[in-house]
Every structure is written in C-alpha cells, then in structure tokens.
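Here is a short set of exercises to work through at your own pace, with the structure open beside you. Try each task before you read its solution.

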Amino acid sequence: MNPPEIFQHIARSRRVTRQFLSTPLTEQQINRVLLDAQHSPSNCNTQPWHVHIVSGHTRDRLSAALLDADNRQHFTADFEFDIDAYTGVFAQRAQDSGRARYEAIDIGRDDHAARLACLRHNLTFFDAPHVAFLFMPHIGDHVRSAGDIGMYAQTFLLSLQARGLGGIPQTLLGMYADTVREVLGVSEDLKLMFGISFGYADAHSASNFVEVGRAALEDSVVRHY
Ligand SMILES: Cc1cc2nc3c(=O)[nH]c(=O)nc-3n(C[C@H](O)[C@H](O)[C@H](O)COP(=O)(O)O)c2cc1C
C-alpha cells in the first residue's frame, strides 16, 4: 500500500474498543504513541494538554475509587454533559449508535441491568491495562483548548490503530473529575476533559465489532465555488 492508502486504511478502520486484553504494553510502546500525539496541532502551538498515564496498581486503585464514587452518586464533572441537549439528527445518531452497540452484544432494549453493567464497564476501563487522562489548564472559556485536546486525542487514537492497538475516549470518566484528581494527586487547576483507555483489543469480543456508520458527505459538507 502507498502512504495515502495506508492512511485511508488506518483512519477508516479505526473504531472504539470496548473489551481489552489485560496484557500490558511496554513503556516503549506507550512512549511511541505519546510522541506521535505530541505532534498534534494546537492554537498558536500552545499544546495545552496535560496527560496522565495510569497503569498497574494505580489503575486498579483508581477503578475501585470510581466504582465507589458511582455507588455514592458522587458526580463531579468539570464540564457538563447533557444527552438531552442533543436534538433532531444528533439525537437520532446517538440513538442509532446505542442500538447498534447493544444489538452487537445481544442486550435487549428493556434489559436495564445489563445496560447498567455496560455503563459501569467504563469504570473498569473496559478491562484495559492503561488509561490516559486528558487534563487542561483554565484558559478563557476552555473552547479553544478543548479543540486542541480533541486534536491530541485523535492523533493518539490513530497512532494506536496504526500500531495494532485499540483505544476508547470516555467522557464518562470525566463525570468523576474530583475522584480522578484525588487518586492521581492532580491540582484542582487542571480540568478533566476525558480519559482514553487503551491496550490490545480482544479480537474475540463482539463488543469490538460494532458498526455505527457515518453520515453521507452531503450531510456534513457544504461546497462553495
Ligand atoms: C470525546 C469522546 C467521548 C466518548 N465517550 C465515551 C464514553 O464515555 N463511553 C463509551 O462507551 N464511548 C464513548 N465514546 C465513543 C463513541 O461512542 C464512539 O466514538 C462513536 O459511537 C463512534 O464509534 P467509532 O469510534 O467506533 O467509530 C466517546 C467518543 C468520543 C470522541
């Protein structure tokens, strides 16, 4: 394959991983991904990302703390996430992706217990051995730096994909920002956007074969001549 074909394959075959193997990555593997992501563009090259990589005992301790926070309904998001704010086509796409996800793993519409278990699987990082937490400092209304964090996250995800690894960005982890900061000893000044669990995808899990599709170009792009 030539470089455009290679890139096309990486970009179009990437999808999130929701079941990982416990096999840890080496420091070198993680560093290569981090160095790729470090090359992401940002407003005025400000590079506002502060990334905490969590593995081993700290990963286990943090997962336990997140499950405990969830049991206590101790939600401390730095940035709100309101699914009801999505209306029209956006709400439709969110519903469609949820349906595709639950159909793939054979969970019925009314099986609330199984759906809740799926949601809480976020808090065990879908069994991933590593998580990258993406924090940012307080800068204005956060919109520009949030865009930069998104750039960073996508480079991180594509680097994983190119290296035969899997990842999933998780807004849900940001719902417990105080818990994450406390366990990792992160200053209150750093705001949590989301986490990315990563590692080897379990090639046998149906969770990793969810096709959510994309809108047609005409629905997203307006051309001016
Ligand atoms: C910023 C961001 C946050 C996300 N948060 C979560 C999450 O908390 N839990 C989850 O299961 N999936 C999460 N996702 C995954 C999306 O649902 C997924 O990317 C989308 O359905 C498209 O699927 P694909 O990435 O496999 O193409 C998130 C994705 C992004 C970009």
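**Exercise 1. Find where Asn45 sits in the chain, then decide whether it is buried or exposed.**

Solution. Start with the location: Asn45 lies in the loop between α2 (27-38) and β1 (50-55). Bear in mind that this is a predicted model. Next, look at the backbone: Asn45 is not a glycine, yet its phi is positive, at about 55°. Finally, take the accessibility. Asn45 has a relative accessible area of 52%, and exposed means over 50%, so Asn45 counts as exposed.

**Exercise 2. Repeat the analysis for Gln73: which loop holds it, and what is its phi?**

Solution. Gln73 belongs to the loop between α3 and α4. Its phi is near 55°, a positive value in a residue other than glycine. To finish, Gln73 is exposed, because its relative accessibility is 57%.

**Exercise 3. Classify Ala104 as buried, partly exposed or exposed, and list its contacts beyond four places in sequence.**

Solution. Begin with the element: Ala104 is part of helix α4 (residues 88-104). Its relative accessible area is 31%. Partly exposed covers the range between 20% and 50%, so Ala104 is partly exposed. Now leave aside the neighbours within four places in sequence: Ala104 is in contact with Ala206, Phe209 and Val210. For a sense of scale, the C-alpha atoms of Ala104 and Arg223 are 36 Å apart in space, while the two residues are 119 apart in sequence.

**Exercise 4. Describe the surroundings of the ligand: which residues come nearest, and which polar atoms approach it?**

Solution. First, the shell. There are 15 residues around the ligand, and Val16, Arg18, Thr171, Leu172 and Arg214 come nearest. By type, the shell divides into seven nonpolar, three polar and five charged residues. Strand β3 (residues 166-170) gives the largest share, three residues.

Second, the polar atoms. Arg14 places a polar side-chain atom 3.0 Å from an oxygen atom of the ligand. Asn122 has a polar side-chain atom 3.0 Å from a ligand nitrogen atom. From Leu172, a polar backbone atom is 3.0 Å from an oxygen atom of the ligand. On its own, the ligand has 620 Å² of accessible area, and the protein covers 69% of that.

**Exercise 5. Follow Asn122 to its partner Gln170: how are their side chains joined, and is Gln170 buried or exposed?**

Solution. The side chains of Gln170 and Asn122 share a polar contact of 3.0 Å. Gln170 is in strand β3. Its relative accessible area is 2%, and buried means under 20%, so Gln170 is buried. Not counting residues up to four places away in sequence, Gln170 touches Asn122, Phe126, Phe194, Gly195 and Ser197.

**Exercise 6. Map the largest nonpolar core: which members touch the most others, and which elements contribute two or more residues?**

Solution. The core has 23 residues, of which Leu62, Leu66, Phe125, Phe133, Val180 and Leu184 touch the most other members. The elements giving two or more residues are α3 (56-71), β2 (130-136) and α7 (177-184). The largest share, four residues, comes from α7. Now zoom in on Val180: leaving out residues up to four places away in sequence, Val180 touches Leu62, Leu66, Phe133, Phe135, Leu173 and Leu192. As a last step, look for the second, separate core of 20 residues, which includes Ala132, Leu134, Leu157 and Phe198.

Key: Residues are numbered from 1 along each chain as its sequence is written. This is a predicted model: local features need pLDDT of at least 70, side-chain atom pairs count only at pLDDT 80 or more; totals for chains, interfaces and linings use all residues. Side-chain values use heavy atoms; hydrogens and water are left out. Buried means under 20% relative accessible area, exposed over 50%, partly exposed in between (1.4 Å probe, protein chains only). Contact means heavy atoms within 4.5 Å. A residue is near a molecule or strand if one of its heavy atoms lies within 4 Å of it. A polar contact is a pair of N or O atoms within 3.5 Å; within protein, one must be able to donate a hydrogen and the other to accept it, and residues adjacent in sequence count only if both atoms are side-chain atoms. Accessible areas come from the Shrake-Rupley method with a 1.4 Å probe; for residues, only the protein chains shown count as cover. Ala, Val, Leu, Ile, Met, Phe, Trp, Tyr, Cys and Pro count as nonpolar, Asp, Glu, Lys and Arg as charged, and the others, Gly among them, as polar. A nonpolar core is a set of buried Ala, Val, Leu, Ile, Met, Phe, Trp, Tyr and Cys residues joined through side-chain atoms within 4.5 Å.
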